[in-house]
Amino acid sequence: MRKKIALIGGGQIGQILAMLAAQKELGDIVILDVPDYVNVCKGKALDLMEMAPHGNYDASITATSDYKDIAGADVVIVTAGKPREAGMTREDLLNVNIKIITEVANGVKQYAPKAFCIIVTNPLDAMVYVFHKVTGFPKHQVIGMAGTLDTARWRAFIAMELGVSVADVAGTVLGGHGPDMVPLPRLTTVGGVPLTEIASPEQIDRLVTRTREAGTEIVKLFGKGSAFFSPAWSAIVIAESYLKDKRRVLPCAALCEGEYGVNGLFIGVPCLISAKGMEKIFEIKLTEEEKAQFQKTVASVTKTVSECKI
Ligand code: TXD
């Protein structure tokens, strides 16, 4: 019996999610979107089915606007919402996306109450908080996808700067999905060599800044809409770790209840993702400077969440 993956939102990211989930044969895929857009999603689903012979994958890919069709989903990935336009901050999306996420959360709670839920919609740290509050799901069942993307960006920029393979760049980014996220140069390595020993302080500062502004850099280039290839793959990495019990340790927005001195907020931290969902949060002994940066991002997330009227 194949697993079932519900993609709530079949737009830019949703369509890439469907393609990647199908190519990796993670399960059958149901895309859910609004009635006005569902025929486009049905077309995308059909197009992906017609690609299967070349892609050599077997999956049922369908689209709907009825939550009944996501019944029993094992994984739910939520991208429903409005993306940024040039000049907008992620927080500018807050009110419009709170309404959407609340509607989505009620639908998922009713039809897929056991699903492992990966929230992507921005402002991410607030949207995952809203989804968790509205569903009342246990914390192992709900995470936000942002740090896995931010870490991929951090690794990609380092590889580009140093002319090395991305495969050999290891590191992590903590905190909120915003301009004060916390890449950790001290714990980043290139083939086991500490980044701080092969890149100058100026290079590292430039890499940190580019990582923090990576989303905005793409939004500016697009003018309307935001990144979709890298966010989609970042969410699939998490879903795959859950579905295959790969036990990856990935930076995700998880509900902290004392970890890192944070209580009651979803914030980007290293998480063990297993068949149990978000099984465990790993704590890092931060330096005083890293702690100060982390507290700054926590303050930003706290402010945005405090503005969520739910
Ligand atoms: O790392 C991250 N977490 C971020 C997330 C990285 C990049 C993009 N980030 C955010 O993801 C972005 O700011 C948006 O809030 C979401 C989705 O981005 P995407 O680029 O996929 O947006 P689209 O193309 O507008 O797709 C959104 C879809 C679209 O098809 C709408 O019709 C649908 O969401 N939508 C809904 N579906 C179901 N139910 C409701 N109510 C609904 N409203 C809109």
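This text walks through the ligand site of the structure and then two backbone features. The model is predicted: local features need pLDDT of at least 70, side-chain atom pairs count only at pLDDT 80 or more, and totals for chains, interfaces and linings use all residues. Residues are numbered from 1 along each chain as its sequence is written, and side-chain values use heavy atoms, without hydrogens and water.

Start with the ligand. It has 27 residues around it, where a residue is near if one of its heavy atoms lies within 4 Å. The closest are Q12, I13, D33, V120 and M145. By type, the shell holds 13 nonpolar, 11 polar and 3 charged residues. Here Ala, Val, Leu, Ile, Met, Phe, Trp, Tyr, Cys and Pro count as nonpolar, Asp, Glu, Lys and Arg as charged, and the others, Gly among them, as polar.

Now look at the polar contacts (pairs of N or O atoms within 3.5 Å). A polar backbone atom of N122 lies 3.2 Å from an oxygen atom of the ligand. For G81, a polar backbone atom is 3.4 Å from a ligand oxygen. The protein covers 91% of the 870 Å² of accessible area that the ligand has on its own; such areas come from the Shrake-Rupley method with a 1.4 Å probe.

Which elements give two or more residues to the shell? They are α1 (12-23) and α3 (94-111). The largest share, 3 residues, comes from α3. Helices (H or I, at least four residues) and strands (E, at least two) are DSSP runs, numbered from the N terminus.

Next, follow the backbone. Most residues other than glycine have a negative phi, and most peptide bonds are trans. N122 and P123 are joined by a cis peptide bond, with omega about -10 degrees. P123 sits in the loop between β5 (116-119) and α4 (124-135). E25 is not a glycine, yet its phi is positive, about 50 degrees. E25 lies in the loop between α1 and β2 (28-32).

Key. A polar contact is a pair of N or O atoms within 3.5 Å; within protein, one must be able to donate a hydrogen and the other to accept it, and residues adjacent in sequence count only if both atoms are side-chain atoms.
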